Every structure is written in structure tokens, then in C-alpha cells.
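Please work through the exercises below with the sequence and the structure open beside you, and try each task before you read its solution.

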Amino acid sequence: MDNVGMDDVANIAQLTGLDAVKLIGLIVKAANTARMHRKNCRQFANHLKLIGNLLEQLKISELKRYPETGEPLEQLEDALRRSYLLVHSCQDRSYLYLLAMGWNIVYQFRKAQNEIDRYLKLVPLITLVDNARVREKLEYIEMDQREYTLDEEDQKAQQVIMKPDHCETDSVVLKKTLSCSYPKYSFDEALRKENEKLRMELQRSQANLDMSQCEVIQRLLDVTQSATMVCEPEKNTPVKNSKTMQPTYTDEKYSFDRNSSKKGEIARYVTVVGGT
């Protein structure tokens with residue numbers, strides 16, 4: 001999530017001009033519709049509500065008029081725009097991708113809250129509004145340290161999709177997780193949608209020259225392809241040549257060989273130190 005692609009830049013540009021209170025409102029709305037990391041999204045949104053309530057009490061337009069408060073407020077708004085992308089990604093990006101990157105996303109929530117709180121401290125609000133109630137709210141925000149983590153069920157599902165070999169039990173876990181994410185679709189329809197989203201994730205990572213993430217996404221594409229083959233009705237006819245059923249994802253910069261996947265590097269990539 002640290003890497004900002006062209007699509008993200010475009011989305012950030014659309015948020016330009018919105019003040020901190022309006023940005024917080026968008027983040028809260030996005031958190032309520034998240035499919036993945038729901039608890040983390042809502043924890044984050046609840047913390048931002050405290051900040052929004054404080055900023056509403058103080059007139060932001062007035063604060064922006066002064067250099068000593070205007071610059072920190074602009075930095076705060078930039079952090080909120082990036083935070084909106086983080087929360088919004090938990091709704092519209094690939095479910096399997098968000099699952100595989102679980103601990104990295106947890107780290108992003110922790111980092112986002114710390115960054116936002118740091119910029120808020122740079123705004124010398126008390127010098128402009130010498131108010132005991134304001135000071136009390138600032139202290140409360142500072143003490144409001146939210147816990148961001150990966151749910152136990154998501155941890156189990158993450159371990160399943162990143163395993164080098166899968167058994168029938170693993171397929172059941174995958175089916176259960178996708179069914180929760182796509183309640184209106186059958187399993188094979190959910191797999192097709194995930195495959196399409198993962199291809200988009202792969203293009204995004206290739207554009208960002210992120211080889212490690214490309215490896216992770218390639219692994220997830222293999223998982224959806226294998227699951228598609230498993231969920232097809234059993235037939236007595238011979239299975240088609242696997243080379244025709246499993247596409248190879250390449251471009252002029254990258255060549256992926258599923259038989260020589262660096263599983264150790266992938267495991268390190270999807271696990272953040274201190275996340276477990």
C-alpha cells in the first residue's frame with residue numbers, strides 16, 4: 001500500500017480541495033462499506049471522528065490563514081487523502097490480495113494513525129484557542145491509541161492461500177472466505193471476479209516495478225486457477241493439457257515461472273515484523 005500507482009494519483013487529485021473535516025467524512029463512509037479489514041477500518045474511522053469533531057469546533061478556514069497552522073493542516077490533509085485510499089482499497093480491491101497482504105495493511109493503518117496524530121500536534125491550536133475543553137479533547141485524542149490487527153479467521157485463510165500445495169480442506173476454506181466476500185455470487189463467479197481484479201493488481205505492481213508484490217499476485221492467480229479447475233464438474237473426459245489451462249503472465253520486463261517461485265521471499269513480503 002505504500003506504493004502509489006497512477007490510479008491512486010488520479011484518485012488523490014480528485015480529493016484536492018477538500019478540507020480535513022470533509023476528508024474524514026469520506027473515510028468514515030468508506031469504512032462502513034469495507035469488505036476486508038472491517039474492524040481495522042472502523043477503528044481507524046472512530047479515531048478520526050474525534051479529530052473531526054475537534055476540527056469542526058475550530059474554524060479550519062481561519063486556521064489556514066496563518067502560516068504556523070496552515071502548513072501543518074495541509075500536511076494533515078495530505079495524510080488524510082492517503083488514508084482514504086487505504087480504507088477505500090478495503091472495499092474495491094481484490095479480496096485475496098487484501099488477505100495475502102493482511103499484516104502489511106495492518107501496518108499501514110498503524111502508520112496512518114501515527115502520521116495523522118503527529119501532524120495534528122504540529123498545529124498550535126491552543127495558542128489560537130486558549131480553551132480548556134480544546135486542550136482536553138487534544139489529550140483524549142493523544143490517548144486514543146487504537147489496536148489494529150488481523151482477525152484469527154483471516155490469518156488462517158492467509159496461511160491457506162499462501163501454501164505451496166493445497167488439499168481438499170484448503171479448498172473448503174477458500175470457498176468459505178470467498179463466499180463471505182461475494183455473497184451474491186456462486187463460487188466459480190467469485191473466482192472469475194477475483195481473477196480479473198488480480199490481473200489489475202498485477203498490472204499496477206508491474207507499473208510500480210514492484211517485483212516482490214508481482215510474485216505474491218502471481219501466486220494468488222495460480223490459486224484462483226487451481227480452484228477453478230477443482231470446482232468444475234467432474235467429467236470422464238481426459239483433462240486438457242495444463243499448459244492450455246494455466247496462462248503465463250509476462251510482459252517485456254517480467255517473466256514469472258510458477259515452478260521456481262521464491263516462496264521464502266513471498267512469505268517475508270506478506271509478513272511485517274512485529275505484525276504477528
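The four exercises that follow concern a predicted model, and each task is followed by its worked solution.

**Exercise 1. Find out how confident the predictor is along the chain, and which elements have the lowest and the highest mean pLDDT.**

Begin with the chain as a whole, which averages a pLDDT of 76, with 73% of the residues scoring at least 70. Then turn to the elements, among which helix H14 (residues 242-245) has the lowest mean pLDDT, 41, whereas helix H2 (residues 20-31) has the highest, 94. Next, look for stretches where the pLDDT is below 50: one of them covers residues 233-262 and has 36 contacts in the model beyond near neighbours in sequence. Another covers residues 272-276, where the pLDDT is again below 50, and this stretch has eight such contacts. As a final step, remember that predicted coordinates should not be read in detail where pLDDT is low.

**Exercise 2. Decide how many disulfides the model contains, and explain what the distance between Cys-41 and Cys-90 has to do with it.**

Start from the cut-off, which requires two cysteine sulfur atoms to lie within 2.5 Å. The cysteine sulfur closest to that of Cys-41 belongs to Cys-90, and because the distance is 3.9 Å, the two are too far apart for a bond. Seen from Cys-90, the closest cysteine sulfur is likewise that of Cys-41, at 3.9 Å. The count of disulfides therefore comes to zero under the 2.5 Å rule. To complete the picture, note that Cys-41 is buried, with a relative accessible area of 0%, and that Cys-90 is buried too, with 1%.

**Exercise 3. Check the length of helix H9 (residues 132-143), and then work out where its buried residues lie around the axis.**

Helix H9 has twelve residues, and at 1.5 Å a residue it should span 16 Å. The end C-alpha atoms of H9 are 17 Å apart, which agrees with this expectation. Now list the buried residues of H9, which are Val-134, Leu-138 and Ile-141. Because these residues cover an arc of only 60° around the axis, they lie on the same side of H9. The face turned away from that buried side carries the exposed residues Ala-132, Arg-133, Glu-136, Tyr-140 and Met-143.

**Exercise 4. Determine whether Ser-205 is buried or exposed, and name the residues it contacts.**

First locate Ser-205, which lies in helix H12 (residues 187-207). Its relative accessibility is 1%, so Ser-205 counts as buried, the cut-off being under 20%. Finally, leaving aside neighbours within four places in sequence, Ser-205 is in contact with Asp-210, Gln-213, Cys-214 and Ile-217.

Conventions. Residues numbered from 1 in each chain as written. Predicted model: local features only at pLDDT ≥ 70, side-chain atom pairs only at ≥ 80, totals over all residues. Heavy atoms only, no water. Buried < 20%, exposed > 50% of the residue type's maximum accessible area, 1.4 Å probe, protein only. pLDDT = per-residue confidence, 0-100. Helix = DSSP H or I, 4+ residues; strand = E, 2+ residues; numbered from the N terminus. Contact = heavy atoms within 4.5 Å. Expected span 1.5 Å × (residues − 1). Arc of directions from axis to C-beta.
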